[in-house]
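Reader: I'm new to this one, so please walk me through it in plain words.

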Amino acid sequence: MFAKERRDEICLMLKKDHAVTASKLVERFGVSIETIRKDLLMLEQAGRLVRVHGGAVAQNDMTPFFELKQRNQMCVEEKRALSLKATEFICEGDVIAVDTGSTAILFAEALKQRFRRLTVVTWSRDVVDILCDHEDFELILCGGYYMRKENAFCGAFALDMLRNLYVQKTFLFPTAVSVEFGICGYESDLHQLQKQLLISSDEIYILADSSKFEKRALFKLSDINDRYYYVTDSLLSAEMENLYKENHLKIFKGENKK
């Protein structure tokens, strides 16, 4: 196979799986790792992919911003699957923090179904509304400026409250996740709350459905971090999963219902 044909085939693989690993390319084409690295460099210079440790990803698309009402109708089964998976990391009696957003709603419903006793810190009015009638859940709402479009609270009052709290596990729901560009979102007013939890929590869980991987959004919350746990759904391609593991990232997939 000529180099051009091989590089075109690599681009077709990226179009299908959104990621490729160098080891898989070596196996598929029967060439050396040096040849594959040269191919990936040439394709990156041509603007056809982005090289990352262990392979390459497709050129990142900017994820469009959708209002909460729209997001509540999108990827519902995927969000439900990853929410159920994420509950496997929680123990009875844990003190956890829960972000806001459409995934937070399904995650809160999963918490209510699976646990008897938790302490939940949140700035999401939706999460509080779902959990408030559970008698053995202790709820701490970080109140402040009310963001009506996100049905959540933010601002200095909420941040000051959060700075005085310690949680064992934090569950965040970003707009986009990328090996190259990090963990991103669109609501800058919420980022200070999210960043505070990155500091004051023992464990960080990034919950994002498969459509959000290798995408970008306007505001960067954090670089990709191998200390975090990444939880998604089973529609994430095996190649994408392998690439994240090549980068020493802990990724877990919940099973989507058929």
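Author: Sure, one term to start with: two residues are in contact, or touch, when they have heavy atoms within 4.5 Å. Also, this is a predicted model, where local features need pLDDT of at least 70 and side-chain atom pairs count only at pLDDT 80 or more, while totals for chains, interfaces and linings use all residues. Residues are numbered from 1 along each chain as its sequence is written, and side-chain values use heavy atoms, with hydrogens and water left out.

Reader: OK, try that on a residue. What does glutamate 187 touch?

Author: Leaving aside residues up to four places away in sequence, glutamate 187 touches Phe65, Met147, Lys149 and Glu150.

Reader: And where does glutamate 187 sit?

Author: In the loop between strand E12 (182-185) and helix H9 (188-200). Those labels are DSSP runs numbered from the N terminus: helices are H or I with at least four residues, strands are E with at least two.

Reader: Is glutamate 187 buried or exposed?

Author: Buried, with a relative accessible area of 12%. The cut-offs are under 20% for buried, over 50% for exposed, and partly exposed in between, using a 1.4 Å probe and protein chains only.

Reader: You listed Lys149 as a neighbour. What do the side chains of lysine 149 and glutamate 187 form?

Author: A salt bridge, at 3.4 Å from N to O. To count, a side-chain nitrogen of Lys or Arg must be within 4 Å of a carboxyl oxygen of Asp or Glu. Lysine 149 is in the loop between strand E8 (145-147) and strand E9 (152-154), and glutamate 187 is in the one between E12 and H9, so this pair ties together parts 38 residues apart in sequence. Unlike buried glutamate 187, lysine 149 is partly exposed at 44%.

Reader: How many salt bridges does the structure hold?

Author: 20. One of them pairs arginine 80 with glutamate 77, their closest N and O atoms being 2.8 Å apart. Both residues lie in helix H5 (residues 76-86), three residues apart, or about one turn of the helix. Arginine 80 is partly exposed, at 29% relative accessible area, and glutamate 77 is partly exposed too, at 34%.

Reader: Got another? Which residue does lysine 220 pair with?

Author: Aspartate 223, with the closest N and O atoms 2.3 Å apart. Lysine 220 is partly exposed at 41%, and aspartate 223 is partly exposed at 48%. Elsewhere, salt bridges with shared partners join Lys4, Asp8 and Arg48 into one network.

Reader: Where's aspartate 223, and what does it touch?

Author: Aspartate 223 is in the loop between strand E15 (219-222) and strand E16 (229-233). It touches Gly182, Ile183 and Tyr228, again not counting residues up to four places away in sequence. Aspartate 17 lies 206 residues from aspartate 223 in sequence, and their C-alpha atoms are 23 Å apart.

Reader: Switching topic. How many disulfides are there?

Author: Zero. A disulfide would be a pair of cysteine sulfur atoms within 2.5 Å. Take cysteine 142: its closest cysteine sulfur, in cysteine 154, is 12 Å away, so that's too far for a bond. Cysteine 184 is in no disulfide either, as its nearest cysteine sulfur is that of cysteine 75, 18 Å away. Cysteine 142 is buried at 0%, and cysteine 184 counts as buried at 4%.

Reader: Zoom out for me. How many helices and strands does the chain have?

Author: Ten helices and 17 strands. The radius of gyration is 20 Å, close to the 18 Å that the globule rule gives for 258 residues, so the chain is as compact as a globular protein of that length. That radius is taken over C-alpha atoms, and the rule is 2.2 Å times the number of residues to the power 0.38. The C-alpha atoms fill a box of roughly 65 × 35 × 30 Å along the principal axes.

Reader: What share of the residues is buried?

Author: 52% of the 258 residues. As for contacts between residues at least 6 apart in sequence, 65% join residues at least 24 apart.
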